[in-house]
Amino acid sequence: MDRKIIKRDLFEDIKQHLSQKEMTLLVGPRQVGKTTLLHLLEEELVAKGAKTLFLNLDIEQDFQFVSSQQALVQHIRLLLGTEGGYVFIDEAQRKPDAGRFFKGIYDMDLPYKFILSGSGSLELKEKIHESMAGRKRLFELLPVSFWEFAAFRTAYQYDDRLISFLTQDVAERSSLFDEYMRFGGYPQVILAAESSEKQNILNEIYQSYLIRDISFLLGVEKTDAFTSLVRLLASQTGSLVAVSELSSTLGISASTVKHYLWYLEKTFITHRVSPYVRNARSEITKMPTFYFYDLGLRNFAEGRTKEGMMPDGFLFENFIFLLLRGFRDSFLHPVHFWRTKSGAEVDFVIEHGTHPIPIEVKYAAFRKPVIGKSLRSFIERYHPERAYIVTKDYSHFVSVGATAIHFVPFYLLKKAINVR
């Protein structure tokens with residue numbers, strides 16, 4: 001395996017989907033490795049003797065072949081013949097009215113498998129997604145996860161023993177944790193050798209996003225208010241977001257704030273987390289919280305990527321959210337948070353069947369198990385079978401009534417939370 005190729009967990013899922021007739025639709029933010037992943041898929045297919053065609057609609061020479069559905073079909077038949085093959089179309093959102101265009105291609109019932117990809121622009125994620133209901137499966141490629149990062153940094157020596165390695169090698173775990181917390185998971189950032197180079201790449205990604213995506217999508221040249229909003233969200237990670245307060249702080253209308261927040265979600269910069277609600281009278285039900293898809297971009301927006309930056313509880317909470325989001329599909333339910341008007345709060349709640357699983361995040365060091373009033377309040381109200389307090393490196397187990405409370409280091413969280 002090339003040391004410069006970061007293995008992505010999504011690769012195997014997409015590879016398995018290549019045998020399905022429906023189109024494979026890969027979306028995600030810019031520069032997370034979508035094109036690289038497609039080329040790797042194509043290489044495997046070619047090695048097995050399959051016929052492939054790769055078009056990148058950012059390239060003018062390739063774009064001409066999607067001038068019409070007929071032109072595309074003719075080009076495919078010319079290169080692949082009529083027996084079948086695999087057609088990769090990168091930056092598919094460049095085609096105007098892409099949803100209708102590729103829906104028509106699919107409905108021709110051609111003997112080709114189509115794999116489309118593009119940035120997290122709304123043209124691809126929304127318009128194609130909506131237009132092609134029942135004709136595609138959507139895959140999201142996000143910044144490299146901590147586990148993908150750790151596996152890459154350890155040269156894939158440990159395979160399924162990575163957790164055991166991180167448990168035993170405290171120095172290496174600390175080093176990997178500190179780097180990921182500071183610079184996040186964009187592949188180019190990970191591959192850069194020096195801290196200054198990593199910061200420069202983050203700057204390029206951030207500016208490219210503001211200039212190429214936001215300026216274009218919002219139809220504005222000046223993005224000062226938008227940039228200020230991103231900075232505010234970065235400094236208030238995991239805090240309740242009140243649109244009225246943001247509107248007053250930024251000096252823009254509430255409707256504009258909502259519009260900007262919506263764009264941040266749709267372009268894979270922030271993720272909205274909604275409250276866990278059973279008693280609307282006592283629980284806050286309207287204000288969400290936001291977390292960033294990438295810690296490096298979050299830190300850059302807040303000006304915290306420089307040497308000597310120390311992680312804090314807010315950043316660690318964002319980190320844990322990303323870990324939870326990475327395996328929450330095993331629960332088939334989203335991640336929520338819980339807060340009451342009286343001030344009780346639990347960082348995350350996963351709905352697992354009829355039993356909620358509360359998860360508190362604590363960055364501070366533990367010497368003995370301490371359970372806060374908020375978690376106790378949640379336990380008294382909902383009587384969960386289990387609860388978790390996620391720490392940097394502290395392990396313990398206690399019970400409160402019938403609830404088992406696990407103090408779990410972050411690197412053991414997935415293993416612990418899946419225990420039945």
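This report looks at aromatic rings, one helix and one loop residue in a predicted model of a protein chain.

**Aromatic rings**

The structure holds 35 aromatic pairs. One of them joins Phe 54 and Phe 88, whose ring centres lie 5.8 Å apart and whose planes meet at 15 degrees, so this pair is stacked. It links distant parts of the chain, since Phe 54 belongs to strand 2 (residues 52-56) and Phe 88 to strand 3 (residues 85-90), with their positions 34 residues apart in the count along the chain. Both Phe 54 and Phe 88 are buried.

Another pair has a different geometry from a stacked one: the planes of Phe 410 and Tyr 411 stand at 85 degrees, with the ring centres 5.3 Å apart, and because angles over 60 degrees count as edge-to-face, the pair is given that name. Phe 410 has a relative accessibility of 2% and therefore counts as buried, and Tyr 411, with a relative accessible area of 5%, is buried as well. These two residues also belong to a cluster linked by ring pairs, whose other members are Phe 146, Trp 147, Phe 149, Phe 177, Tyr 180, Phe 316, Phe 319 and Tyr 363.

Rings can also be found beneath the charged ends of lysine side chains, as the two cases in this table show.

| Charged residue | Ring below it | Distance to ring centre |
|---|---|---|
| Lys 7 | Tyr 156 | 4.6 Å |
| Lys 198 | Phe 183 | 5.7 Å |

**Helix 5**

Helix 5 covers residues 98-107, and its buried residues are Ala 98, Gly 99, Phe 101, Phe 102, Ile 105 and Tyr 106. When the helix is viewed down its axis, these buried residues fall within an arc of 165 degrees, so they line one face of helix 5. A general rule helps in reading such a pattern: an α-helix has 3.6 residues a turn, so residues three or four places apart point the same way. Just after helix 5, Asp 109 takes a positive phi of about 55 degrees.

**Ser 253**

Where does Ser 253 lie? Its place is in the loop that runs between helix 13 (243-250) and helix 14 (254-266). Ser 253 counts as partly exposed because its relative accessibility is 35%, a value between the 20% limit for buried residues and the 50% limit for exposed ones. The side chain of Ser 253 makes a polar contact, at 2.8 Å, with the side chain of Thr 256. Measuring from C-alpha to C-alpha, Ser 253 is 9.2 Å from Val 243 in space, while the two residues are 10 residues apart in sequence.

Methods. Residues are numbered from 1 along each chain as its sequence is written. This is a predicted model: local features need pLDDT of at least 70, side-chain atom pairs count only at pLDDT 80 or more; totals for chains, interfaces and linings use all residues. Side-chain values use heavy atoms; hydrogens and water are left out. Helices (H or I, at least four residues) and strands (E, at least two) are DSSP runs, numbered from the N terminus. Buried means under 20% relative accessible area, exposed over 50%, partly exposed in between (1.4 Å probe, protein chains only). A polar contact is a pair of N or O atoms within 3.5 Å; within protein, one must be able to donate a hydrogen and the other to accept it, and residues adjacent in sequence count only if both atoms are side-chain atoms. Rings of Phe, Tyr and Trp (its six-membered ring) pair if their centres lie within 6.5 Å; planes under 30 degrees apart count as stacked, over 60 as edge-to-face and the rest as tilted. A charge sits over a ring if NZ of Lys or CZ of Arg is within 6 Å of the ring centre and within 35 degrees of the ring normal. The arc is that of the directions from the helix axis to the C-beta atoms.
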